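Notebook open, coffee poured. Here is what I looked up today, in the order I got to it.

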Amino acid sequence: MTAIRISGGRVHDPANNVDGEIRDLCLQDGKVVSEVGPDARRIDARGMVVMAGGVDIHAHIAGPKVNAARKLSPDERRDHPVNRSEGLRSGTGGLVPSTFTTGYRYSLLGYTTVVEAAAPPLAARHVLSELRDTPMIDKAFLILMGNNQVLFKLIRQSGGAVSSQLRDAIAWWLEATGGYGVKLVNPGGIELWKQENGNVTSLDDEVTGFEVTPRQILDAIAGAVDELGLPHPVHIHANNLGVPGNADTTLETMRTVSGRQAHFAHLQFHSYGGKPEGLPRSRASDLIEYLAAHPEITADVGQVMFGPAVTMTADGPVSAVLRDLGADKWINHDTEVETGCGIVPYRYRSGNYVHALQWGIGLELFLLGQNPWQVMLSTDHPNGGSFLSYPKLIRLLMDRAFREDQMARANQRAIQRTALTDGLDREYTLNEIAIITRAGPARRLGLREKGHLGIGADADVTIYHDRADREEMFATPRYVIKAGEVVVEEGELRRSPDGLLLSSRAGFDPEVSRVLEPLFGERYTVAFEHYPVREAALREPAQVVEAQRS
Amino acid sequence: MPEFGPITCAGCGLLCDDVLVDAADDAVRLTPDCDLGAQWFSERLLRPAGAPSATIDGKPVDVGSALTRAAELLRGARRPLLHGFEHATVEDARAAVALADRLGAVIATDDGEWAGAPAVPLRGASTATLGEIRDRARVVVIWREDPESTHPRLLERLGIGGGVERTLVVVDDSDTATAGRAEVRLGWPPGRDLEALTTLHALQRGLTVRAGELELPLSGLLKRLRAVPHVAFVYGAGLTAGAGGQRRALALHELVRALCHERHAVTLELPGAPGTRSADDVLAWQSGYGGNVDFASGHPELVTATQPLDDVDVTLLVEPGSAGAAEIALGSLAAGPGVEVWIRTAAAGVDGGGTAHRLDGVPLALQAPLPGEAPSAAAVLTRLLAEVER
Ligand code: SF4
Ligand SMILES: [Zn+2]
């Protein structure tokens with residue numbers, strides 16, 4: 001593999017306390033090295049900004065719900081054709097791109113690792129097949145466990161405590177699917193939705209038929225994941241998403257998992273004050289205050305961007321609410337034993353009070369927080385907007401004048417109710433951007449060789465023109481290097497490597513099969529012995545990150 | 001021949017994965033019993049020995065010569081078409097879409113019939129996996145389908161007749177095996193389906209409607225649907241095929257969506273063939289569109305039923321269900337007389353493996369209980385692509 005010397009660039013590598021120093025970066029055999037020989041390819045990066053490749057900690061890019069959204073909206077993709085070319089596949093772009101196009105677009109944006117944040121474990125083979133067809137990036141997926149009837153049984157048996165059986169079951173499930181981490185979506189609520197359109201509204205509501213509560217589910221699974229020492233902690237989409245007043249639920253959820261590591265997904269959608277039937281207001285500052293006192297909690301923002309979006313979630317009851325707001329299209333899909341799914345194409349309008357408030361709350365979360373390692377960039381793609389809008393979001397954070405101009409175009413009643421108008425004049429630095437888009441997510445995912453440029457790190461590097469227009473700068477990197485290969489040059493794709501599947505592994509007692517098998521037999525329509533994905537083609541090429549039990 | 005299992009049967013879209021196969025005495029028996037599955041296995045297990053691995057104009061050739069000839073045909077084609085997929089795996093479909101993309105071909109996953117445009121993109125749908133319906137639905141309405149012959153274990157797998165209190169309603173005016181098992185049977189000619197569905201929807205909304213002799217049975221059905229917390233509708237080509245199919249399917253989804261406001265309601269679509277769902281899912285993720293896609297312009301474009309393909313000059317059949325006429329066919333069963341180049345492939349689920357999507361979307365592994373020499377269609381398509389690019 002060729003060696004590369006990136007010379008004279010301004011390096012932003014916050015994980016190694018490098019903040020804009022001009023220095024050379026050497027790459028060989030897919031890794032960052034201290035020195036390369038004189039024959040190394042030289043990339044002249046003078047006047048450019050050098051960062052590790054971007055890491056997206058929460059997006060929806062592959063699997064049955066993403067594919068259902070593609071089938072649902074052919075009209076939306078008709079305007080975004082992507083032609084085939086030498087070595088590259090054709091496809092369609094838009095909010096829910098086809099798989100190859102997803103890989104190409106992320107790479108063109110300087111991202112080299114992406115996490116699919118919500119995969120039904122039963123659909124693992126489908127998720128893996130799509131990820132196989134998503135080139136350029138390393139990818140991982142989180143498996144949905146917050147409404148799993150088998151886990152409910154185990155949690156009830158242990159009276160809500162973490163049991164070795166629960167730990168083993170979770171480790172078994174990761175092994176069976178190739179998943180990377182554990183996701184909880186509206187714990188308990190989706191099961192009730194599938195029973196008879198129900199939901200939970202508080203952490204102490206009982207899940208009918210299972211005698212467990214959201215609080216017990218959260219407590220037990222967060223504890224089990226923590227004890228297993230998985231590289232990524234439990235990833236939580238809390239109850240009551242989108243409901244005015246849900247900030248109390250979110251805070252209560254944070255308190256429930258306290259003492260354990262936890263990541264909260266798209267915090268913006270969970271930061272509302274007000275009464276359930278009334279208009280929301282912002283409680284971003286309360287959540288940021290809690291985060292400041294609890295370093296074990298992190299979040300991604302789930303910023304909404306004005307314009308079109310596609311909401312897609314395991315949280316079926318939330319989609320039904322959006323349906324009833326007058327949606328043309330609505331998909332509901334129930335997956336036995338495990339989860340639900342809802343899809344509604346959507347549009348965030350700057351003049352709409354609620355949408356402008358959501359937009360403002362997202363920015364508040366970014367701007368009020370003092371620790372960028374705790375609050376990471378996401379749009380919950382494509383729920384709050386496409387990942388293609390990240391450069392614009394970065395500009396909103398880095399460029400106060402631009403932000404104020406955009407604020408002035410949004411619903412004023414909403415904007416006035418946020419802290420944005422309280423002299424919140426913060427502008428993110430390039431180092432802070434590097435933290436929220438790569439160093440922070442990589443660290444939170446437990447990917448030690450990603451998100452930074454120290455010796456031994458993966459040679460995933462993005463080189464940007466240093467432009468005053470930060471949107472333009474981040475939208476069109478000059479070079480992207482993936483695993484030591486230059487894949488984007490002059491803003492064009494040059495190569496299309498496959499990228500790796502990132503899986504995690506934790507040891508477990510194989511005897512857990514004896515516990516699981518009868519429970520599977522009662523509930524699934526797939527045989528226990530056929531559930532685990534053993535097909536090598538679906539699981540390779542992979543990098544396995546071992547759990548570290550404390 | 002040995003007994004093996006439990007393995008996955010790919011005899012229909014249900015992909016039952018609990019099947020024991022007993023292939024003694026030149027006759028195949030399945031446990032649990034299923035005639036369709038037994039027939040599917042016997043066609044593939046009891047293939048005549050010594051069959052050629054490829055033919056050109058019916059004469060045995062080696063696979064290399066067949067590939068060369070097939071690649072020539074495809075390279076020379078002005079308007080190639082890939083279709084079939086009745087027995088395709090996910091892997092086969094991945095390789096087929098890759099080839100179609102390279103050739104600028106049209107690819108059709110709906111077994112080559114130009115079925116009506118799908119209704120789902122208009123308003124969406126509410127769907128569920130088999131286990132959800134089995135464990136929760138208290139009324140199951142089967143709309144003009146006969147799963148007892150096309151998906152023989154469907155009723156069993158939905159728990160109908162399994163002791164749980166549940167009502168099977170069948171809408172059909174012909175005396176099918178499925179209708180024979182209905183607790184409630186409703187019959188009117190297919191031509192009145194749209195009227196029936198819109199009337200049900202109107203009644204659900206509390207409107208007064210005059211629907212003649214349909215009114216009474218439909219009010220009765222609505223009452224049953226409303227009396228339970230969870231209902232399911234099973235439908236397929238019986239509703240959606242032919243003129244007006246998209247409108248009828250849309251009417252069903254609108255009705256289900258309306259019912260969803262008061263209770264949980266879901267649908268389950270029966271595909272025309274076991275491989276259809278896999279091929280359609282792959283086409284959707286690789287191109288962005290399900291159904292039929294044209295790559296001629298260099299990028300995928302959706303082909304609708306209103307665009308007939310009279311100018312196709314070379315057809316490539318991938319794992320077809322029956323031996324239709326085509327220039328090239330890749331399949332595990334012998335080609336019919338109308339095929340110029342045929343390459344024998346492994347039957348996924350018998351002598352080859354792979355992944356397939358069940359009719360409800362659940363992905364499953366197909367085992368290869370008797371691994372053989374024949375390559376998978378995916379492998380042949382990949383070699384064909386390399387040959388075309390040479
Ligand atoms: S119902 Fe279908 S999949 Fe199941 S055994 Fe019969 S033919 Fe095979
Ligand atoms: Zn999400």
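I started with the contacts of His237(A), counting heavy atoms within 4.5 Å. Leaving out residues up to four places away in sequence, His237(A) touches Lys183(A), Leu184(A), Val185(A), Asn186(A), Pro187(A), His266(A), His270(A), Thr313(A) and Asp315(A).

A note to self on the source: this is a predicted model, where local features need pLDDT of at least 70 and side-chain atom pairs count only at pLDDT 80 or more, while totals for chains, interfaces and linings use all residues. Residues are numbered from 1 along each chain as its sequence is written, chains are lettered from A and ligands numbered from 1 in the order written, and side-chain values use heavy atoms, without hydrogens and water.

Is His237(A) buried or exposed? I found it buried, with a relative accessible area of 3%; buried means under 20% and exposed over 50% (1.4 Å probe, protein chains only). The side chains of His237(A) and His266(A) are joined by a polar contact of 3.5 Å, that is, a pair of N or O atoms within 3.5 Å, one able to donate a hydrogen and the other to accept it.

Next I checked the largest nonpolar core (buried Ala, Val, Leu, Ile, Met, Phe, Trp, Tyr and Cys residues joined through side-chain atoms within 4.5 Å). Among its 204 residues, Ile170(A), Trp173(A), Ile221(A), Phe366(A) and Phe41(B) touch the most other members. A second, separate core has 44 residues, including Tyr289(B) and Leu384(B).

Last, I looked around ligand 1, taking residues with a heavy atom within 4 Å. Its surroundings include Cys9(B), Cys12(B), Cys16(B), Cys34(B) and Arg153(B).
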